[in-house]
Amino acid sequence: MAQSKVHRKKRQVAIFIILMLLWEAGSESIHYSVLEESESGTFVANLTNDLGLRMGELAARGARVVFKGNKQYLQLDPQTYDLLLNEKLDREELCGSTEPCALPFQVLLENPLQFFQAVLGVRDINDHAPEFPAREMLLKISEITTPGKIFPLKMAQDLDAGSNSLQSYMISSNPHFHVLTSNRSDGRRFPELVLDKALDREEQPELRLTLTALDGGSPPRSGTTEIQILVLDINDNAPEFAQELYEVQIPENNSLGSLVITVSARDLDAGSFGEVSYALFQVDDVNQPFEINAVTGEIRLRKTLDFEEFQSYHVDIEATDGGGLSGKCSLVIKVLDVNDNAPELTVSSLISPIPENLPQITVAVFSVSDADSGRNQQVICSIDDNLPFLLRPSVENFYTLVTEGALDRESRAEYNITITVTDMGSPRLKTQHSITVLVSDVNDNAPAFTQTSYTLRVRENNSPALHIGSVSATDADAGANAQVTYSLLPPHDPHLPLASLVSINADNGHLFALRSLDYEALQAFEFGVGATDRGSPARSSQALVRVLVLDDNDNSPFVLYPLQNGSAPCTELVPRAAEAGYLVSKVVAVDGDSGQNAWLSYQLLKATEPGLFGVWAHNGEVRTARPPSERDAPKHRLLVLVKDNGEPPRSASVTLHVLLVDGFSQPYLPLPEAAAEQAQADPLTVYLVIALAAVSSLFLFSVLAFIAVRLCGRSRAASLGRCSVPEGHFPGHLVDVSGTGTLSQSYQYEVCLRGGSGTSEFKFLRPILPNFPPQDSGREMEENPTFRNSFQFS
């Protein structure tokens, strides 16, 4: 991992250097110039024409002017996009003595990204006059000095440049001296006083001359100083330095007081004329960072050096003996650069937020710079490796930050990017700049239900508007793209009245039953629920909801046999010779409920002769509890209770008539007493018959009529007894509970009382085998209530 990072950094440096070389080789800068001290708003150039662009293209492409160090010397007119001066410029403050004064800048077009190189030249005006470092100079000249001797004088300083800088010196008229203007190695002009005529101390011990410095401006400016000349007695040896020119190099970070160099001068005279003292000949209190020891000649640092401000210094040193004679030498000090400036980063453009799912988006444009020089000025840029962004070098010192690929807001919605700029100096200095990039949401996620299917259970006979459950979906997007609306989908079964069964709250997914449900009519139903977000375009998903209706014990048992509808009931014949356990009859009942609500039990509530008959609790069979005797009455009335297992339980009762006979040789006809008893039967039976007749349908009437014709048309039935065919129809919802006395849907019964042969018969007929579909029979029964309510009798 560490080696890969090193290779990557080397590759970045190589790419940066190649781009720099290509740019310097192939690019040309546009040059503009302006006079210093020009007013703010001064017209500089028409950028549209200079760059060869169409009218209005600068505004459309977001043109900007970028100077090094985030300075803003120029501005763009917001209407015309002409290049205007943003502030007054002082050439001396910006460039010092450097000429020409050039300020490079770039014109940045953001969309699409394009750079143009340009240079703003600041032309000098003559706004400074030459100035001498002191108002007076003192020269001590021996009277024996021969004509032609040259005496260097302190030079004046002019902050202007070019022709406006100091050009010449002149001295007031006198018979002994004239002045020469000479050029120093750094290009500055200094005066030298030339003796034309020998001096005579006795004739004139002191002279005062005015030295004038002139610049080349129009009109010229000048500065003056006064030269006081003292004529000395004879001192025939002046101090002489070991070298006329000293050169030394010191790093800019040398500490204050550190030794720069030691100079030495020798005087061959004796006594006070041979004692030498040292001084800096040209002292500029503003820019002079050095001081000299007058006795030892040691030159030390008294002010911090800055390579970025001055790269070299030229210092003149004077050695003077006790007789007033002096000698001079020059010292050239070169300042060495050290890596004491960290790189600077300036962001020119930043786009945030950026949309997700779009690759290669330019996020930021920035420039880097370093005030040092050489290798200390070379920089490299980098960002963290674990971020989906890339740094791409652009022209000169500009970089662009682009996305490496498409971003996913749901994975990460915010990036904190730290740009690290490191120079190549020793030790390396670095600068870090952090930017925050937000990722805006795009509707790229559909809502997702917490479950693919939901099963809801609702007890029947519920109240309308009952909250029966909820569905929930979430969307990974944000804002309106994550707001979910719920809806019911059209059911697969077109006959299912879904709109009248349930409703859904569009905001929270709560489901409500619109009406009371009936288990006996509808045990279960299913439908789809949709979740749709509010994005553009909208996205949706579906889930399946299955509603199971739970049974309540809301149906009483219904007795199929024996039924009494006001006509003569069927009477069971039992021989007196019957043994205990003789099957007398079987009470057949059904319950429209399901499960334990349909489990039926039977018990004997009342009997004419207690102890003679009993009822089996689970199947409703009526059997003799003991053999009949001669003492037992011939006619018996049994009241049987049928009760379900619901909570609370529901029940029904039925009356069974039994006749004890001594064999079946004589046909039995109902006695008038039996008819009278039947008329006085329990009113509950009458009510039951009336209720059954009320709910009967035309279809079941025809079926039962057909059964009656078949059952009662037999010749033996006409002679031995009458079979009462109940009016009305059997309940539709019959549940098969084998062995418990409940009528199964897959069986039919034929009930008839026969006489003449001496036998009483309760006949169970063959099962009906309906043609069920091969698969999903339960669902077909739900969808076809006509089948559920149909029975076939034979």
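The paragraphs below go through strands, turns, unusual backbone geometry and charged side chains in a predicted model.

Strand E39, residues 524-533, is a convenient place to start. Eight of the 10 residues in E39 are buried, which leaves the strand mostly covered. E39 has strand partners in E36 and E40. Strand E36, residues 484-488, runs antiparallel to E39 and is joined to it by five bridges. Strand E40, residues 540-550, is also antiparallel to E39, and here the pairing extends over nine bridges. Val-529 can be used to locate both pairings: Leu-488 stands opposite Val-529, and Ala-543 in E40 is a bridge partner of Val-529.

The connection from E39 to E40 is a hairpin of six residues. Pro-537 is found in this loop, and the peptide bond between Ser-536 and Pro-537 is cis, with omega at about 0 degrees. E39 and E40 are also linked through side chains. Arg-546 and Glu-526 form a salt bridge in which the closest N and O atoms are 3.4 Å apart. Arg-546 belongs to E40 and Glu-526 to E39, so this salt bridge ties together parts that are 20 residues apart in sequence. Arg-546 is partly exposed because its relative accessibility is 34%; Glu-526, at 27%, is likewise counted as partly exposed.

Strand E21, residues 298-301, shows how side chains can be divided between two faces. In a regular strand, side chains alternate between the two faces of the sheet. In E21, Ile-299 and Leu-301 point to one face and are buried, while Glu-298 and Arg-300 point to the other and are not buried. E21 has antiparallel pairings with E17 and E20. Strand E17, residues 259-262, is joined to E21 by three bridges, and Leu-259 has Arg-300 as its bridge partner there. Strand E20, residues 290-292, also makes three bridges to E21, with Phe-290 partnered by Leu-301. E20 and E21 form a hairpin with five residues between them, and Gly-297 in that turn has a positive phi of about 80 degrees.

Some other loops have backbone geometry worth checking in the structure. Most residues other than glycine have a negative phi, and most peptide bonds are trans. A cis peptide bond joins Ser-352 to Pro-353, with omega at about 5 degrees. Pro-353 is located in the loop between strand E24 (344-350) and strand E25 (354-355). The loop between strand E33 (453-459) and strand E34 (466-470) contains Asn-461, and Ala-465 lies in that loop as well. Asn-461 has a positive phi near 65 degrees, and phi of Ala-465 is also positive, near 65 degrees. Asn-461 is partly exposed at 42% relative accessibility, whereas Ala-465 is exposed at 57%.

Strand E34, which follows in the description of that loop, contains His-467. His-467 is partly exposed, with a relative accessible area of 39%. The C-alpha atoms of His-467 and Ala-513 are 6.6 Å apart, although the residues are separated by 46 positions in sequence. Another such pair is Glu-110 and Leu-58, 52 residues apart in sequence and 9.7 Å apart between C-alpha atoms. Glu-110 is found in the loop between strand E6 (101-109) and strand E7 (114-123), and is partly exposed at 31% relative accessibility.

Charged contacts complete the picture. The structure holds 22 salt bridges. One of them joins the side chains of Arg-54 and Glu-57, with an N to O distance of 4.0 Å. Arg-54 is exposed at 61% relative accessibility, but Glu-57 is buried at 13%. Glu-226 and Arg-208 form another salt bridge, with their closest N and O atoms 2.5 Å apart. This pair links distant parts of the chain, since Glu-226 is in strand E14 (residues 222-232) and Arg-208 is in strand E13, 18 residues apart. Glu-226 is partly exposed at 28%, as is Arg-208 at 44%. A network of salt bridges links Arg-91, Glu-92, Glu-99 and Asp-124.

Which residues gather in a patch of negative charge on the surface? They are Asp-200, Glu-202, Glu-203 and Asp-233. Glu-203 is placed in the loop between strand E12 (189-195) and strand E13 (206-215). Glu-203 counts as exposed because its relative accessibility is 68%, and exposed means over 50%.

Terms used. Residues are numbered from 1 along each chain as its sequence is written. This is a predicted model: local features need pLDDT of at least 70, side-chain atom pairs count only at pLDDT 80 or more; totals for chains, interfaces and linings use all residues. Side-chain values use heavy atoms; hydrogens and water are left out. Patches are made of residues with over 30% relative accessible area and no salt bridge: like charges are joined within 9 Å, nonpolar side chains (Val, Leu, Ile, Met, Phe, Trp, Tyr) within 5 Å. Accessible areas come from the Shrake-Rupley method with a 1.4 Å probe; for residues, only the protein chains shown count as cover. Lys and Arg count as positive and Asp and Glu as negative; His and the chain ends are not counted. The place of a charge is taken as NZ of Lys, CZ of Arg, CG of Asp or CD of Glu. Helices (H or I, at least four residues) and strands (E, at least two) are DSSP runs, numbered from the N terminus. Buried means under 20% relative accessible area, exposed over 50%, partly exposed in between (1.4 Å probe, protein chains only). Two strands pair if DSSP finds at least two bridges between them.
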